[in-house]
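Subject: Structure for you to look at, with notes

Dear colleague,

I am passing on the structure we talked about, and below it you will find my notes on what it contains. Please read them with the model open beside you.

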Amino acid sequence: MVESLEPLVVRHTHRLPSPAGPAGAGDVAARQFDAALMSVGFKLSAPLLERLSGLSEGTVVDTAVRTLRTVREMTGDHVGHNVYFVDFPANVPDTFDFWMQCITEALDDSTARAGVLAQLRRGVVDLLTLPSYGRYQHTYAEMLAAHDELIGAAGDRMTVLHLGGALDDEVTGLYLALAGSATPLGEEGLSDLKALAGHCARGPQPEAIPVRENRAVVNEARLKVGAALLLDTVTDVLRLACALSGGDVTLQEPTRFRSLSRPVRRALLAGLDAVVAAVPAKLADVHAHREEFKRLGERLHPHEYPRWPQAAEVFAVARGEKEARSFDSLVEELLGAGDVVAAAELLKSAPGKLFRALDHLLRTAFTQDARESVVAAAEQVVPKVSGRVVLSVREHLHNRAGDTGRRRVFINRLGRAWVDDDDRAPLPAPERDRLITALDAELRRRLPAPGHLLVDPDVLDVALPLSGKATAAGLGVLPRGSVSPVDGELLRFFVYWKQTERTTDYDLSALMLGADYETVSWLSYTNLTAVDGEHSGDIVEAPEGASEFINLRLGAVRGTFIVPQVNLFSGEGFEEVEESFFGFMLRDGEQKGRPFEARTVRMKSELRGPGRVALPLAFVRGEDGRWRAKWLHLYLNGTPASNRVEGNRVSVATLLRGIVEREQLTVRYLTELMADGAATGVTVWDGTSVPDGPVTYIGLERPEGLHPDSRVITLENLRDVITD
């Protein structure tokens with residue numbers, strides 16, 4: 001069982017659990033393993049190579065097979081990426097000429113001729129009815145034969161796999177990190193936590209599980225092994241019921257509750273009873289999810305269990321038979337009466353709610369005394385507010401400076417985005433500045449003493465991961481709002497999808513915008529070639545999987561912004577297909593190779609969002625002429641079918657402007673706070689040698705050669721730097 005969890009450790013930590021097996025002469029097999037890894041952009045660390053070299057050849061081979069399978073999936077190399085135009089990016093035809101060729105070929109096809117002639121008489125031809133359009137005209141092997149071998153370059157990605165501890169220890173450590181995460185996990189993270197929790201339910205547990213969704217997943221595993229449940233609100237029980245029914249523990253989507261066994265019903269009712277008996281006021285929490293509680297009550301049959309009367313009261317509140325005044329209604333009543341001071345005083349008993357209401361309170365406090373009371377209340381309770389909320393409010397306050405009239409970007413937990421005018425009154429500057437000072441001081445207090453701080457400059461513009469839902473699962477993926485350098489001459493996007501049941505057509509496009517966000521050009525199936533690049537050709541079905549590519553010469557790109565997007569033209573959505581992912585590669589100008597080469601992949605992210613237009617990231621040309629990636633992880637609603645880049649140019653440009661103009665809290669902000677407490681100074685890492693003694697290292701990935709007593713902060717644990 002535990003062996004099946006090894007890929008999770010590799011994927012999350014870039015550590016390979018120390019292989020177990022008989023000693024032997026595995027050095028040759030280990031070097032071959034290392035060479036195979038390098039072909040997909042990975043490499044064994046020196047300690048890991050040494051460990052493998054001392055094991056038997058069979059053990060090394062078995063380890064290599066498992067690990068190569070995992071890393072190939074991480075890069076997207078586990079599938080064959082074919083292209084419509086076999087020589088892509090060479091010899092891509094003009095769009096109109098290509099369409100005319102498809103029509104000519106259809107007229108030569110006796111089975112298609114009559115239908116095409118009928119369409120020509122009407123003056124409009126449906127490309128999808130042409131036999132040679134949108135379907136591969138050659139095999140994957142024939143496409144590979146048409147391309148020269150990739151010549152390696154110094155800029156190719158090389159991700160180091162480090163030597164981990166024993167597999168059980170690595171699995172337990174990953175479980176504790178995910179379960180105890182201070183920020184919500186994404187869809188993949190929750191799925192991985194579920195697998196880990198099933199194995200670790202009887203073992204060590206985190207000191208606290210602050211994220212409620214994580215707690216629901218852990219409680220599901222604990223319930224199955226008979227361990228005590230972790231419940232302190234009635235909503236915890238509701239989330240657990242959703243988990244047991246295979247539903248959404250975030251409560252964003254409705255769950256159809258399954259029939260539950262008597263032991264499970266007793267456990268849930270006993271949990272509800274204990275929560276309400278301890279704090280009767282928590283009955284008020286039912287109002288936020290009344291309909292869900294009513295449906296759950298139909299499955300739990302509380303009337304059959306009179307020994308838990310407080311549990312029955314939960315469902316009485318949900319049905320409206322019992323009154324339970326909510327905390328929010330009391331606050332709204334005070335604000336409705338204009339008593340901001342009393343509202344702030346009441347909110348001190350719920351510090352998180354107070355912080356989320358600060359903007360509204362300050363805008364509706366019309367006297368200096370009232371504003372003073374709001375700020376004083378926040379200063380008093382800030383030590384009790386979670387680090388994630390403190391950081392979120394700090395970022396919010398920073399972006400509330402300056403003139404009004406800006407566009408406001410709204411992004412929900414699922415990544416769906418929209419833009420509206422920001423008609424809020426400005427915040428009073430003295431109170432805003434005072435709050436920022438208080439939040440900076442509190443965050444500085446919570447940060448660990450770094451000792452000698454060693455910082456990789458490439459991590460400084462990474463946005464702080466205030467939620468795992470702001471980052472798609474994948475390789476080299478950064479949180480929404482992050483900025484990372486783009487070094488290379490050729491930029492190549494790719495999308496892969498495999499339909500589940502229905503014929504599905506995704507279209508990869510790239511929109512080029514000018515400095516004022518005006519459209520300069522685009523590449524898509526309707527515009528296959530341009531001065532700056534080529535499209536690999538439209539594929540309109542994917543029963544065995546399909547890929548599309550866009551190749552761009554960065555030096556030739558006209559404009560300031562490049563916005564790749566994946567449009568759902570027809571068929572299954574991003575959450576319905578068997579598999580779908582997007583990524584980009586960087587190559588030197590002279591590098592050839594296949595359309596897809598794993599070691600040139602800089603980023604590969606899953607496409608699992610609710611909209612019909614995916615915007616994974618954008619590329620921005622700076623004043624220095626260099627290109628940088630700006631990470632978006634957004635989805636637009638789009639239209640029910642036939643989404644095209646031409647149809648969403650305005651909405652994409654408007655959304656991009658809102659994202660670019662908003663400033664994120666980044667690692668740079670944290671390192672500046674930490675630098676104040678650095679006992680032996682701050683060193684900017686040059687990418688080569690590391691100090692001999694212990695350091696606190698902050699970077700994208702762990703470098704080799706760090707002192708064993710060093711504290712290492714990378715993307716895998718950045719979310720836990722700010723403690724609660």
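How many disulfides does a search of the whole structure find? The search finds 0 disulfides, and I should say at once that this is a predicted model, so that everything below is computed from predicted coordinates. Two of the cysteines may still interest you: Cys 102 is buried, with a relative accessible area of 1%, and Cys 242 also counts as buried, at 3% relative accessibility.

The chain as a whole

The chain holds 23 helices and 22 strands. Its radius of gyration is 28 Å, close to the 27 Å that the globule rule gives for 724 residues, and the chain is therefore as compact as a globular protein of that length. Along the principal axes, the C-alpha trace spans about 80 × 75 × 60 Å. Of the 724 residues, 51% count as buried, and among contacts between residues at least 6 apart in sequence, 74% join residues at least 24 apart.

Two helices that pack together

Helix H2, which covers residues 27–38, packs against helix H4, residues 57–75, at an angle of about 10°, with the two axes 9 Å apart. Because angles under 35 degrees count as roughly parallel, H2 and H4 are described as roughly parallel to each other. On the H2 side the contact is made by Ala 29, Ala 30, Phe 33, Ala 36 and Leu 37, while H4 contributes Glu 57, Val 60, Val 61, Thr 63, Ala 64, Thr 67, Leu 68 and Val 71. Sorted by character, the residues of this contact divide into 10 nonpolar, 2 polar and 1 charged.

Helix H14 and its surroundings

In helix H14, residues 309–318, the buried residues are Ala 311, Val 314, Phe 315, Ala 316, Val 317 and Ala 318. What covers them includes H11, H12 and helix H13, the last of these running over residues 290–300. H14 is followed by Gly 320, whose phi is positive, near 85°.

Backbone details in the loops

The peptide bond from Phe 88 to Pro 89 is cis, with omega near 10°, and Pro 89 is found in the loop between H4 and helix H5, residues 95–107. Leu 251, in the loop between helix H11 (234–244) and helix H12 (262–278), has a phi near 65°, which is a positive value in a residue other than glycine. Leu 251 counts as buried, at 13% relative accessibility. Ser 642, which lies in the loop between strand E19 (627–636) and helix H22 (649–661), likewise has a positive phi, near 60°, in a residue other than glycine, but Ser 642 is partly exposed, with a relative accessible area of 41%.

Three residues and their contacts

For the contact lists that follow, neighbours up to four places away in sequence are not counted.

Thr 504 lies in the loop between strand E9 (490–498) and strand E10 (505–513), and Thr 504 is buried, with a relative accessible area of 0%. The residues that Thr 504 touches are Trp 497, Gln 499, Val 540, Glu 541, Ala 542, Leu 568, Ser 570, Gly 571, Glu 572 and Val 577. Arg 445, on the other hand, is 59 residues away from Thr 504 along the chain, and the C-alpha atoms of these two are separated by 52 Å.

Glu 597 is found in the loop between strand E16 (579–587) and strand E17 (601–606). Is this glutamate, Glu 597, buried or exposed? At 7% relative accessibility, Glu 597 counts as buried, because the cut-off for that class is under 20%. Glu 597 touches Leu 150, Met 585 and Arg 587.

Phe 327 lies in helix H15, residues 327–336, and is partly exposed, with a relative accessible area of 22%. Phe 327 is in contact with Ala 284, Leu 346, Leu 347, Ser 349, Ala 350 and Lys 353. The C-alpha atoms of Phe 327 and Val 419, which are 92 residues apart along the chain, are separated by 31 Å.

With best wishes

Conventions: Residues are numbered from 1 along each chain as its sequence is written. This is a predicted model: local features need pLDDT of at least 70, side-chain atom pairs count only at pLDDT 80 or more; totals for chains, interfaces and linings use all residues. Side-chain values use heavy atoms; hydrogens and water are left out. Axes are lines fitted to C-alpha atoms, for helices over the stretch in contact, and angles run from 0 to 180 degrees between N-to-C directions. Helices (H or I, at least four residues) and strands (E, at least two) are DSSP runs, numbered from the N terminus. Angles under 35 degrees count as roughly parallel, over 145 as roughly antiparallel, 65 to 115 as roughly perpendicular and the rest as oblique. Contact means heavy atoms within 4.5 Å. Ala, Val, Leu, Ile, Met, Phe, Trp, Tyr, Cys and Pro count as nonpolar, Asp, Glu, Lys and Arg as charged, and the others, Gly among them, as polar. Buried means under 20% relative accessible area, exposed over 50%, partly exposed in between (1.4 Å probe, protein chains only). A disulfide is a pair of cysteine sulfur atoms within 2.5 Å. The radius of gyration is taken over C-alpha atoms; the globule rule is 2.2 Å times the number of residues to the power 0.38.
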